[in-house]
Amino acid sequence: MSTPVTRNAGYVRSWTSNLRGDALSGIVVALALIPEAIGFSVIAGVDPKVGLYASVVIACTIAFAGGRPAMISAATAATAVVMVDLVREHGVQYLFAATILMGLIQILAGFLRLGRLMRFVSQSVMTGFVNALAILIFLAQMPELTGVTPATYGLIALGLAIIYGFPRITRAIPAPLVAIAVLTAITAMFHLDVRTVAHLGALPSALPSFALPDVPLSLETLRILLPYAATLAAVGLLESLLTAQIVDDMTDTGSDKNRECVGQGIANMASAVFGGMGGCAMIGQSVINVSSGARGRLSTLVAGAFLLVLLVALQDLLAVVPVAALTAVMIMVSINTFSWRSLLRLRTNPLPSSAVMLVTVLVVVATKDLAVGVLVGVLLSGVFFAGKVARLNRITSALSADGRTRTYTITGQVFFASAGTFSEAIDVLEPVERLVIDVHAAHFWDISAIGALDRVVLKARARGRDVAVVGLNEASATLVERFGQHDKGDAAAVPAAH
C-alpha cells in the first residue's frame with residue numbers, strides 16, 4: 001500500500017518528469033481546442049466564449065485535481081448535446097447552476113468510489129468506443145472538406161504530409177505544432193482564400209470573471225436542474241473514465257479513477273462560476289497530447305493556460321491560423337485513434353466479442369451519443385456473458401438400486417440466466433419416494449436461483465415426495481436462509497462440511 005510520502009513524490013513527478021515534452025504538447029492541444037470549444041458552444045446554444053472559458057478553466061483545474069496525468073478535459077460534444085433544451089427553455093444562468101450541481105454529483109461519485117464500475121466495461125466495448133469516436137472525429141471534419149477552395153485541400157494534404165513525415169527528421173518538436181506553424185505562415189504569406197480561426201466565431205477579449213449563477217434558490221429550481229445535472233454528471237464521468245483507461249493503455253501507466261471523478265466535479269464547478277459550460281475528458285485531444293510526447297500534468301495546464309493567452313494576448317495571431325491546419329491535426333487523430341487491428345480480429349475473435357464491438361460502434365455513430373453506445377455495449381456484453389456462464393451449468397441424475405430415491409447432482413453456477421434450466425431439469429412428477437438435490441459443486445448467486453430451488457422443493461413435497469438439499473456452501477446457505485421459503489422451520493437443507 002502506498003504511503004502519503006510516496007503518493008506526494010509521485011504527484012511531484014507527474015509535474016516535473018517531462019517538462020519539455022509536456023510544454024510543447026500542451027501548446028499543440030491548445031490550438032486544437034479552439035474549433036472544438038467553439039463548435040460545442042454552438043451545439044449547446046450558447047455564446048462561443050462559454051465553451052472557450054470552460055476549456056480554459058476545466059483544463060487548468062483538472063491538471064491539479066485530476067487522477068490521470070496527460071489527459072485533456074474541456075468543453076465536449078457529449079455534454080453539449082445534453083444542455084440544448086435547458087439553455088433554450090431556461091437560459092444560460094440555469095446552465096451554470098446545473099453545471100455546479102453536476103460537479104457536486106461527480107464529487108459524490110468519487111467519494112463513493114464509483115470509478116470501480118470501469119471494471120464492468122469489457123475490452124470489446126472499449127474497442128467499439130474508440131473506433132466510434134474515431135469515426136465521429138472524422139465526420140466532424142466534413143464541413144471543412146466539402147464545398148471549400150482548392151487551396152484548402154492543398155493545405156490539408158501538406159499538413160498531413162508534415163505530421164507523418166516530420167518525425168522522420170526529428171521528434172524534438174511535435175509534428176502537429178510544426179504543421180500548424182508552416183500552414184499559418186503559408187496562408188499569411190500568399191494571402192490564400194481559406195477559412196481561418198477568425199471565421200469560426202467571435203473570440204473573447206477579456207479574462208473570465210467570477211460570478212455565481214443568477215437563479216432563484218428554490219425547490220422548483222432544483223426540480224428543473226436535477227435531471228440535467230444528473231445526466232451531465234453521468235455522461236461526463238463515463239467519457240472521462242473511458243478516456244482515462246485509453247490513456248492508461250497508451251502510456252502503460254495507471255491512474256486513480258476515483259480521484260478523477262472528484263477532479264472532474266471540481267473542474268466543472270470552477271468552470272460554471274467563471275462563465276463556462278460543463279465538460280469532461282476529450283479522447284481526441286488526449287490522443288494528440290500523448291502522441292505529441294506528453295506524459296505529465298504540466299501538459300494539461302499548459303493547454304489551458306496557453307489557450308487563454310491565445311484568446312486574450314495573441315488574438316490577432318490566432319485569428320490567421322487556417323482551419324485547414326486544425327483539420328489536418330484532427331484527421332491525424334482520427335486515423336491514430338481507430339483500432340485498425342480490430343478489423344483483422346473480427347474473424348478470429350469470438351463472435352459475441354465482435355458483435356459487441358460492432359454494435360457499440362453502430363449505436364454511437366447513429367446516435368452521436370457515446371454514453372448510449374457504451375451503455376448498449378455493456379448491456380450486450382452482460383447478456384452474452386450470462387448466457388455463456390449459464391451454459392456451463394450441468395445437471396446429472398441417478399436412481400438408487402431400489403428405485404425409491406432419485407439424486408440430482410448440480411454442477412456450476414445457478415443464477416437468473418440458468419435458474420430456469422435448473423428447475424426444468426428436475427422431474428418432480430417421477431414416482432419416487434425421495435429426491436436428493438446435491439449442490440456440493442454448485443453455487444447459488446441470487447434470489448432467482450433461490451426461487452427456482454423453492455419451486456422444485458415445494459412442488460415435489462406437494463406431491464408427497466421427501467426432498468433433501470445437500471452440500472450448500474456457506475454463501476448459498478446464507479441466501480437460502482434469508483430468502484428461501486421451502487425450509488422455514490425445517491432442517492432438510494444440509495450445509496456442506498467445512
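The structure, a predicted model, holds six aromatic pairs. One of them joins Phe-210 and Phe-274, whose rings meet edge-to-face, with 5.8 Å from centre to centre and 75° between the planes. Phe-210 belongs to the loop between helix H8 (175–190) and helix H9 (219–251), and Phe-274 to the loop between helix H10 (257–273) and strand E2 (279–281), so this pair ties together parts that lie 64 residues apart in sequence. The points below cover the aromatic residues, the chain as a whole, one helix contact and several single residues.

**Aromatic residues**

- A pair of aromatic rings is described by two values, the distance of the centres and the angle of the planes.
- Phe-210 counts as exposed, because its relative accessibility is 54% and the exposed class begins over 50%.
- Phe-274, the partner of Phe-210, is partly exposed at a relative accessible area of 30%.
- Phe-338 and Trp-340 form a tilted pair, because their planes stand at 45°, which is neither under 30 degrees nor over 60; the ring centres are 4.6 Å apart.
- Within this tilted pair, Phe-338 is buried, with 15% relative accessibility, whereas Trp-340 is exposed, with a relative accessible area of 51%.
- One aromatic cluster is formed by Tyr-11, Trp-15 and Phe-64.

**The chain as a whole**

- The chain has 498 residues, and buried residues make up 52% of them.
- Its secondary structure comes to 20 helices and seven strands.
- The chain is divided into two domains: domain 1 covers 7–346 and domain 2 covers 393–483.
- The centres of domain 1 and domain 2, taken over C-alpha atoms, are separated by 56 Å.
- Along the principal axes, the C-alpha atoms of the chain fill a box of roughly 100 × 55 × 50 Å.
- Of the contacts in the chain with a separation of 6 or more, 82% are between residues 24 or more positions apart.

**The contact of helix H3 with helix H10**

- Helix H3 spans residues 48–65, and it packs against H10 at an angle of about 145°, with 8 Å between the axes.
- The crossing of H3 and H10 is right-handed.
- On the H3 side, the contact is made by Ala-54, Val-57, Ile-58, Thr-61, Ile-62, Phe-64 and Ala-65.
- On the H10 side, the contact is made by Arg-259, Glu-260, Gly-263, Gln-264, Ile-266, Ala-267, Asn-268, Ala-270 and Ser-271.
- Sorted by class, the residues in this contact are nine nonpolar, five polar and two charged.
- Phe-64 of H3 takes part in this contact and also belongs to the aromatic cluster with Tyr-11 and Trp-15.

**Gly-21 and Thr-170**

- Gly-21 is a residue of helix H2 (residues 19–44).
- Gly-21 is buried, because its relative accessibility of 16% falls under the 20% cut-off.
- Leaving aside residues up to four places away in sequence, Gly-21 touches Gly-293 and Ala-294.
- Gly-21 and Ile-173 are 152 residues apart along the chain, and 8.3 Å separate their C-alpha atoms.
- Thr-170 sits in the loop between helix H7 (150–165) and H8, where it is partly exposed at a relative accessible area of 28%.
- From Thr-170 to Leu-117 the distance is 41 Å, C-alpha to C-alpha, with their positions 53 residues apart in sequence.

**Residues with a positive phi**

- Most residues other than glycine have a negative phi.
- His-191, a residue other than glycine, has a positive phi near 50°.
- His-191 is in the loop between H8 and H9 and is exposed, with a relative accessible area of 70%.
- Phe-210 also lies in the loop between H8 and H9.
- Asp-252, which is not a glycine, has a positive phi of about 55°.
- Asp-252 is placed in the loop between H9 and H10 and counts as exposed at 71% relative accessibility.

Definitions and conventions: Residues numbered from 1 in each chain as written. Predicted model: local features only at pLDDT ≥ 70, side-chain atom pairs only at ≥ 80, totals over all residues. Heavy atoms only, no water. Domains from an automatic or database assignment. Phe/Tyr/Trp six-rings, centres within 6.5 Å; stacked < 30°, edge-to-face > 60°. Helix = DSSP H or I, 4+ residues; strand = E, 2+ residues; numbered from the N terminus. Buried < 20%, exposed > 50% of the residue type's maximum accessible area, 1.4 Å probe, protein only. Axes fitted to C-alpha atoms, helices over the stretch in contact; angles between N-to-C directions. Left-handed = near helix turned anticlockwise from the far one by under 90°. Contact = heavy atoms within 4.5 Å. Nonpolar A, V, L, I, M, F, W, Y, C, P; charged D, E, K, R; others polar.
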